[in-house]
Amino acid sequence: MTANWASYDSAAESHDRLAGPSYFEQPARDLVAAMDVGSAASILDIGTGSGLAALRAARIADPHAMVVGMDPSVEMLRIARSHGVRQVVAGVASELPFEDCVFDVAVASFVLSHLSSYELGLREIVRVLKPAGRLGVTTWGSIENEYREFWQSLAETFIDKARLTEASREALPWEEWFTNPENLEQAFQGVGLTGVRVHRAEYTIHTNIADFLAIREASLQARFMRQNLDAAQWERFRETVAAEFYRKFRDPIDHTRDVYIAVGTRPSTS
Ligand SMILES: C[S@@+](CC[C@H](N)C(=O)[O-])C[C@H]1O[C@@H](n2cnc3c(N)ncnc32)[C@H](O)[C@@H]1O
């Protein structure tokens with residue numbers, strides 16, 4: 001069972017202000033650009049978060065197109081709405097609250113790895129796509145960076161490594177799996193999507209140490225730690241991390257992340 005640290009509610013404000021602009025906005029734009037939303041009358045953004053992909057789609061699509069942002073986190077939906085996503089719906093990918101064959105386009109940006117069964121989620125998405133409807137997703141690639149690794153090593157001095165690993169597996173069971181583009185391609189093909197294309201993109205993240213640490217503090221691992229450390233330990237962790245980062249690195253700390261963008265089509269006859 002996932003506990004409330006796995007919900008994005010407590011991370012929503014930080015995601016919107018920091019991680020969204022630094023890490024998620026450009027991939028969301030590139031995902032939407034790969035989807036030909038100009039011809040779509042109905043678009044679904046699954047795991048919309050603060051609404052980055054939905055808003056980008058709404059900007060490019062026909063003004064009469066229906067754009068729906070869906071997410072299990074009510075806080076994320078509240079923020080998405082405040083940014084102008086007009087239709088927001090609470091729900092999870094494994095049980096989409098929509099009829100069959102409703103959407104021309106569905107996108108899910110950095111969401112698949114959260115699902116306990118990605119196959120079930122993909123089947124649900126295909127169900128709500130119209131025949132010839134298109135699905136596009138993004139997943140993180142495998143480039144690591146020394147800043148995340150260093151943060152992780154410090155975290156492991158405050159909480160048992162095995163517990164932290166177990167928590168990451170529980171909340172992001174497919175994160176590592178989808179760093180392999182072949183797995184992504186096979187997952188799409190496995191639910192009958194055709195014309196599957198996967199391409200890789202690299203993004204340079206420009207950030208300073210303070211923002212990087214604030215983003216890490218909203219991560220699933222930090223949320224787990226916060227729930228399992230007492231208040232004094234958590235404060236000591238934060239102070240230690242800040243002191244060690246400023247000692248070891250020169251501010252700002254630019255780094256690169258790689259992303260896979262996968263697109264496929266529901267066959268017209270299925
Ligand atoms: C890493 S965030 C990405 C948010 C947004 N797509 C973006 O690119 O900024 C992952 C999002 O997936 C949502 N999520 C988690 N589990 C989900 C599920 N089972 N079904 C749909 N969305 C889920 C989270 O609430 C969160 O908003």
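**Helix α10 and the aromatic pairs**

Modeller: A232, E239 and R247 are exposed, on the other side of α10 from its buried residues. Keep in mind that this is a predicted model.

Colleague: What makes a residue such as E239 count as exposed?

Modeller: The cut-off is a relative accessible area over 50%. E239 is classed as exposed, as are A232 and R247, so each passes that cut-off.

Colleague: Which residues of α10 are buried?

Modeller: W234, F237, V241 and F245. Buried means under 20% relative accessible area.

Colleague: How do you know on which side or sides of α10 they lie?

Modeller: By the arc around the axis. The four cover only 55°, which puts them on the same side of α10.

Colleague: What do the buried residues of α10 pack against?

Modeller: Three helices: α5 (146–155), α8 (209–217) and α9 (220–228).

Colleague: How do you know whether the length of α10 agrees with its residue count?

Modeller: Helix α10 runs over residues 231–248, which is 18 residues. At 1.5 Å a residue, the expected span is 26 Å. The end C-alpha atoms are 26 Å apart, so the two agree.

Colleague: What is found at the start of α10?

Modeller: A side-chain oxygen of D230 comes to within 3.2 Å of the backbone nitrogen of A232. The limit for a polar contact is 3.5 Å, so this pair qualifies.

Colleague: On to the rings. How many aromatic pairs does the whole structure hold?

Modeller: The search finds 18. One of them is Y23 with W140, at 6.5 Å centre to centre and 85° between the planes.

Colleague: Why is that pair called edge-to-face?

Modeller: Edge-to-face needs planes over 60 degrees apart. The angle for Y23 and W140 is 85°, so the name fits. The pair also links distant parts of the chain: Y23 is in helix α1, W140 in strand β5, 117 residues apart. Both residues are buried.

Colleague: What of F24 and F110?

Modeller: Also edge-to-face: 5.2 Å between centres, 85° between planes. F24 lies in α1 and F110 in the loop between β4 and α4, so the pair ties together parts 86 residues apart in sequence. Both F24 and F110 are buried.

Colleague: Which residues do ring pairs link into a cluster?

Modeller: Y147, F150, F212, F245 and F249.

Colleague: What makes R257 count as lying over a ring?

Modeller: The distance limit is 6 Å from the ring centre, with a further limit on direction. R257 lies over the face of W140 at 4.2 Å. K248 lies over the face of F150 at 5.0 Å.

Technical notes. Residues numbered from 1 in each chain as written. Predicted model: local features only at pLDDT ≥ 70, side-chain atom pairs only at ≥ 80, totals over all residues. Heavy atoms only, no water. Phe/Tyr/Trp six-rings, centres within 6.5 Å; stacked < 30°, edge-to-face > 60°. Helix = DSSP H or I, 4+ residues; strand = E, 2+ residues; numbered from the N terminus. Buried < 20%, exposed > 50% of the residue type's maximum accessible area, 1.4 Å probe, protein only. Lys NZ or Arg CZ within 6 Å of the ring centre and 35° of its normal. Expected span 1.5 Å × (residues − 1). Arc of directions from axis to C-beta. Contact = heavy atoms within 4.5 Å. Polar contact = N/O pair within 3.5 Å; in protein donor to acceptor, adjacent residues only side chain to side chain.
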